[in-house]
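Got the viewer open and a selection box ready? Let's walk through this one stop by stop.

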Amino acid sequence: MADLSSLVEAMRERSAALSELGYKVRFDLTDTGEAILLDATGGAVEVREGSGEADAVLKLSTDTLDKLITGRMGPLMAFSTGRLKVEGSQGVALKLAGLLDQD
């Protein structure tokens, strides 16, 4: 299973695709109690460990996040099987899902 720092690094590697998001998204990791904040406002993408205000909050395990980042699971599959829960803006979550699906 991936650890928090490797997940943050993997998200940073995808930051070019995520720059179009234009919102803040927090990933609450249900199995560790930790969080990752993705801030794609202002044209740049910042990914860091820790929580903060966000337009959408995605609740999922580190394993599920790892599978989403690496493309081994689609966001729609994660959501429909209950592995991913969304709080806040569904539209922001859908936009993020679309950006993650691009390669």
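Start by selecting Gly71, just after H3: its phi is positive, about 80°. Keep in mind that you're looking at a predicted model.

Now step back into helix H3 itself, residues 62-70. Show side chains for Thr62, Thr64, Leu65, Asp66, Leu68 and Ile69, which are the buried residues of this helix. What do they pack against? Colour helix H1 (4-13), strands S1 (24-29), S2 (35-39) and S4 (56-60), and H4, and you have the partners.

Next, bring up the sheet. Five strands make an open sheet, running S3-S2-S1-S4-S5 with mixed pairing. At the edges sit S3 (46-49) and S5, each paired on one side only. Ignoring direction, neighbouring strands are turned by 20° against each other on average.

Zoom in on S2 and S3, an antiparallel pair with four bridges. Pick Leu37 and you'll find its bridge partner in S3, Arg48. Then turn H1 back on: this helix packs on the sheet, touching S1, S2 and S3, and its direction makes about 175° with that of S3. H3 packs on the sheet too, touching S1, S2 and S4, with its direction at about 110° to that of S4.

Last stop: the largest pocket, with a volume of about 250 Å³. Select Pro75, Phe79, Ala93, Leu94 and Ala97, the closest to its centre of the 14 lining residues. H4 (75-80), S5 (84-88) and H5 (90-101) each supply at least two lining residues, and H5 has the largest share, with seven. Colour the lining by class and you'll get 12 nonpolar residues, one polar and one charged.

Terms used: Residues numbered from 1 in each chain as written. Predicted model: local features only at pLDDT ≥ 70, side-chain atom pairs only at ≥ 80, totals over all residues. Heavy atoms only, no water. 1 Å grid on protein atoms, 1.4 Å probe; cavity = no way out; pocket = protein on both sides within 12 Å on 5 of 7 lines; lining within 4 Å. Points joined across faces, edges and corners; volume = space filled by probe spheres on them. Nonpolar A, V, L, I, M, F, W, Y, C, P; charged D, E, K, R; others polar. Buried < 20%, exposed > 50% of the residue type's maximum accessible area, 1.4 Å probe, protein only. Contact = heavy atoms within 4.5 Å. Pairing = 2+ DSSP bridges. Axes fitted to C-alpha atoms, helices over the stretch in contact; angles between N-to-C directions.
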